[in-house]
Amino acid sequence: MRRFSTQTILAPVVFAGLILGTTLHADDATPATIALIKSTITADALRADVAELSSDEMGGRFFRSPFAEKAAKWIQARFELIGLAPGAASDSYRQPIDKNVESGPNIIATYPGPGDGFIIVSSHYDHLRPKRTGEDKIFNGADDNASGVAGTLAVARAMKACTKAGDGAGCTIIFIAFNGEEAGLLGSSAYVKSPTVPLGQIRGVFNMDMISRGPPREIFIDGGKVGEPVVAALKKANQSIGLKLHLDEHPDWLDRSDQGPFLRKNVPAVLFSVEDHEDYHQVTDHVEKIDAGLAAEVAQLVALAAINMSHDAFTPRAEAPKPVKIAEPAKTEPAKAEPQNPTAH
Ligand SMILES: [Zn+2]
């Protein structure tokens with residue numbers, strides 16, 4: 001679905017492209033839309049969401065605990081407030097990740113668009129079980145991964161604002177907060193086993209996991225060969241955002257977060273992440289230490305790339321007959337204090 005007739009829009013868009021020194025596609029977001037995305041997705045909004053989700057009241061959001069349920073409810077309420085529709089079966093936001101009643105669900109919401117195909121914007125909300133001893137027992141997981149959930153919510157708000165301004169997504173965007181990532185990608189594996197839309201109709205998956213630490217204005221993006229279409233959209237969108245992108249420098253990360261199960265099913269997917277840092281999987285992963293400006297710019301990049309991608313022509317893919325091999329053997333990392341599944345992001 002195109003937003004404008006090519007005849008009427010092509011000349012001014014090409015002219016704007018020349019002024020900006022970039023090559024714009026007739027269906028790409030206009031400068032006004034880019035400005036709207038930047039003004040809607042702010043560091044302050046990101047920090048506020050991270051602060052709530054990583055507070056001690058959320059208890060560390062261990063996937064199989066009342067705290068996971070509390071976090072799930074918080075995220076669903078945010079999706080409802082933004083105006084997203086339920087995206088799971090039976091008009092619900094909740095998709096169970098396993099049969100254990102103590103496990104929190106995946107929270108799935110949709111924002112409708114007119115065209116073919118679907119785009120997924122995702123992050124995991126679970127983190128780690130509290131320590132038994134010590135003064136600070138709670139793994140707050142501000143960067144891992146309240147930052148990614150805050151980014152997901154920020155993209156949803158931007159989609160709403162762009163639609164209101166008459167320049168929204170050209171296809172339906174699905175927002176997912178996965179549970180059980182830290183326990184072995186349980187939520188995303190459950191999703192690809194019972195997808196809410198055919199996997200062959202997913203244009204791309206933007207998965208954010210730890211997006212708020214490290215050098216300013218730098219982010220790692222990994223999708224390998226299967227993720228290439230998403231990376232192409234991101235490179236183009238980044239002409240308007242200007243982050244330093246580390247592209248496909250970590251093939252060992254492809255199976256370390258929720259993009260993995262999608263990549264294995266041949267669904268183009270990428271991970272946004274920072275390098276492991278001193279507070280990674282430690283009780284000191286606190287909101288005071290995050291770079292909310294970096295998280296905001298990553299979310300801006302996702303919103304813009306998703307909008308552009310949603311207006312491209314799309315042909316559904318055939319489903320992969322068998323799982324695709326995606327990852328190189330993981331590098332051996334030095335043991336960390338009290339590790340809990342140190343292979344997961
Ligand atoms: Zn993580």
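Here are four short exercises, each with a worked solution, on a predicted model of a protein chain.

**Exercise 1. Getting an overview**

Find out how many helices and strands the chain has, and what share of its residues is buried.

*Solution.* Start with the elements: the chain has nine helices and nine strands. Next, turn to burial: of the 345 residues in the chain, 53% are buried. Finally, look at the contacts with a separation of 6 or more: 83% of them join residues that are 24 or more positions apart.

**Exercise 2. Strand β5 and its neighbours**

Work out which way strands β3 and β4 run relative to β5, and how many bridges join each of them to β5.

*Solution.* Begin with β5 itself, which spans residues 171-178. This strand is mostly covered, as eight of its eight residues are buried.

Now take β3, residues 106-111: β3 and β5 run antiparallel and are joined by five bridges. One place to see this pairing is Y111, whose bridge partner in β5 is I173.

Then move to β4, residues 115-124. Its pairing with β5 is parallel and extends over eight bridges. Here you can look at F118, which has T172 of β5 as its bridge partner.

To finish, follow the chain from β4 to β5: the path goes through helix α5, residues 142-164, and this β-α-β crossover is right-handed.

**Exercise 3. Two packed helices**

Describe how helices α2 and α5 pack: what is the angle, and how far apart are the axes?

*Solution.* Two numbers are needed, because a pair of packed helices is described by the angle between the axes and the distance between them. For α2 (residues 31-40) and α5, the angle is about 140° and the axes lie 9 Å apart.

Next, classify the angle. Over 145 degrees would count as roughly antiparallel, and 65 to 115 as roughly perpendicular. An angle of about 140° fits neither, so α2 and α5 are oblique to each other. Their crossing is right-handed.

Last, find the residues that meet. On the α2 side they are T33, L36, I37 and T40, and on the α5 side R157, A158, A161 and C162.

**Exercise 4. A closer look at P31**

Decide whether P31 is buried, exposed or partly exposed.

*Solution.* First locate P31: this residue is in helix α2. Then count its surroundings: 15 other C-beta atoms lie within 10 Å. A buried residue needs 20 or more and an exposed one has 12 or fewer, so P31 is partly exposed.

As an extra step, compare sequence with space. P31 and S240 are 209 residues apart in sequence, yet their C-alpha atoms are 8.9 Å apart.

How values were computed: Residues numbered from 1 in each chain as written. Predicted model: local features only at pLDDT ≥ 70, side-chain atom pairs only at ≥ 80, totals over all residues. Helix = DSSP H or I, 4+ residues; strand = E, 2+ residues; numbered from the N terminus. Pairing = 2+ DSSP bridges. Right-handed = clockwise from strand over helix to strand, strands pointing away. Axes fitted to C-alpha atoms, helices over the stretch in contact; angles between N-to-C directions. Parallel < 35°, antiparallel > 145°, perpendicular 65-115°, else oblique. Left-handed = near helix turned anticlockwise from the far one by under 90°. Contact = placed C-beta atoms within 7 Å.
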